[in-house]
Amino acid sequence: MKEKSVIGDSALVNIYGRKKVPAKIDSGADASSIWASHISIDKKNTLKFSLFGPKSPFYSGKIIKRTDFDVAVVRSAMGQEQIRYRTKLPIKIEGRRMRVLFSLSNRSKQNFPILLGKRTLAGKFIIDVNRQTMRFPKNPRTKKLQKELAQNPYAFHQKYAKTTEKDGTK
């Protein structure tokens with residue numbers, strides 16, 4: 001039996017030729033999830049998808065084909081139910097190679113393109129929530145907005161005032 005590695009609230013994962021992809025470690029989530037796009041099933045019942053999305057720095061456009069997949073109803077933290085395809089994908093995390101059952105979802109609005117849940121982590125890792133592997137990845141749009149704000153706060157406010165009023169953040 002392999003020794004359990006200690007991991008923090010996030011980790012870097014290697015998957016399908018992509019190295020150091022940020023993953024959120026979430027012992028409160030049952031299952032693992034990965035950002036996938038262009039999801040379809042062809043006439044031969046082959047699941048086809050690309051990992052990540054065109055706006056992701058990890059996106060390659062490569063189409064992955066799987067015949068070993070299933071579907072599941074997944075409930076979000078907000079209580080919404082969605083049908084998602086699931087398939088096993090090989091990953092490497094903390095030097096350990098694993099085949100992980102991922103649900104394929106649009107994680108474009110999440111801070112991490114991969115979420116590793118307790119079924120993946122149980123018995124293999126010790127989670128130390130005080131250990132921060134990394135800060136969540138910076139959103140390039142946010143970075144650009146922060147730079148714009150620093151250069152001229154008044155012009156920034158004039159440009160985006162309508163947006164913040166709609167959100168109720170004014």
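These questions and answers go through strand pairing, ring contacts and salt bridges in a predicted model.

Colleague: In which sense do strand 4 and strand 9 pair?
Modeller: Strand 4 covers residues 32-41 and strand 9 covers residues 96-105. Four bridges join them. In this pairing I34 stands opposite L104. The sense is parallel.

Colleague: Which residue of strand 10 stands opposite I34?
Modeller: Strand 10 spans residues 114-116. Two bridges join strand 4 to strand 10, and the two run antiparallel. The residue opposite I34 is I114.

Colleague: Which residue in the turn between strand 4 and strand 5 has a positive phi?
Modeller: Strand 5, residues 47-51, pairs with strand 4 in the antiparallel sense over four bridges. One bridge partner of the set is S50, which pairs with S37. The two strands form a hairpin with five residues between them. Phi is about 60 degrees at N45.

Colleague: Is the aromatic pair of F52 and F58 stacked, edge-to-face or tilted?
Modeller: The ring centres are 5.8 Å apart and the planes stand at 55 degrees. Stacked needs under 30 degrees and edge-to-face needs over 60, so the remaining class applies. The pair is tilted.

Colleague: Is F58 buried or exposed?
Modeller: The cut-off for buried is under 20% relative accessible area. Its ring partner F52 is at 0% and counts as buried. F58 has 19% relative accessibility, so F58 counts as buried.

Colleague: Why is the pair of F69 and Y85 edge-to-face?
Modeller: F69 lies in strand 7 and Y85 in strand 8, 16 residues apart. F69 is partly exposed at 24%, and Y85 is partly exposed at 27%. The ring centres are 6.0 Å apart. The pair is edge-to-face because the angle between the planes is 70 degrees.

Colleague: Which ring lies under the charged end of R96?
Modeller: The charged end of R96 is 5.9 Å from the ring centre. The distance cut-off for this contact is within 6 Å. The ring belongs to F125.

Colleague: What is the accessible area of the nonpolar patch that holds I83?
Modeller: I83 is in strand 8. I83 is exposed, with a relative accessible area of 65%. I83 forms the surface patch with V71 and V73. Together they have about 320 Å².

Colleague: How many residues apart are D30 and R119?
Modeller: Their side chains meet in a salt bridge, 3.5 Å from N to O. D30 is in the loop between strand 3 and strand 4, and R119 is in helix 1. D30 is partly exposed at 40%, whereas R119 is exposed at 54%. The separation is 89 residues.

Colleague: Which residue is linked with D30 and R119 in a network of salt bridges?
Modeller: The count of salt bridges comes to six. One of them joins D30 and R119. The network adds K118.

Colleague: What is the closest N and O distance in the salt bridge of D68 with R99?
Modeller: D68 also forms a salt bridge with R66, at 3.7 Å. R66 is buried at 12%, while R99 is partly exposed at 48%. D68 sits in the loop between strand 6 and strand 7, and R99 in strand 9, 31 residues apart. For D68 and R99 the closest N and O atoms are apart by 3.9 Å.

Definitions and conventions
Residues numbered from 1 in each chain as written. Predicted model: local features only at pLDDT ≥ 70, side-chain atom pairs only at ≥ 80, totals over all residues. Heavy atoms only, no water. Pairing = 2+ DSSP bridges. Phe/Tyr/Trp six-rings, centres within 6.5 Å; stacked < 30°, edge-to-face > 60°. Buried < 20%, exposed > 50% of the residue type's maximum accessible area, 1.4 Å probe, protein only. Lys NZ or Arg CZ within 6 Å of the ring centre and 35° of its normal. Patch = residues over 30% accessible without salt bridge, like charges linked within 9 Å, V, L, I, M, F, W, Y side chains within 5 Å. Areas by Shrake-Rupley, 256 points an atom, 1.4 Å probe, with all protein chains shown as cover. Salt bridge = Lys/Arg side-chain N within 4 Å of Asp/Glu carboxyl O.
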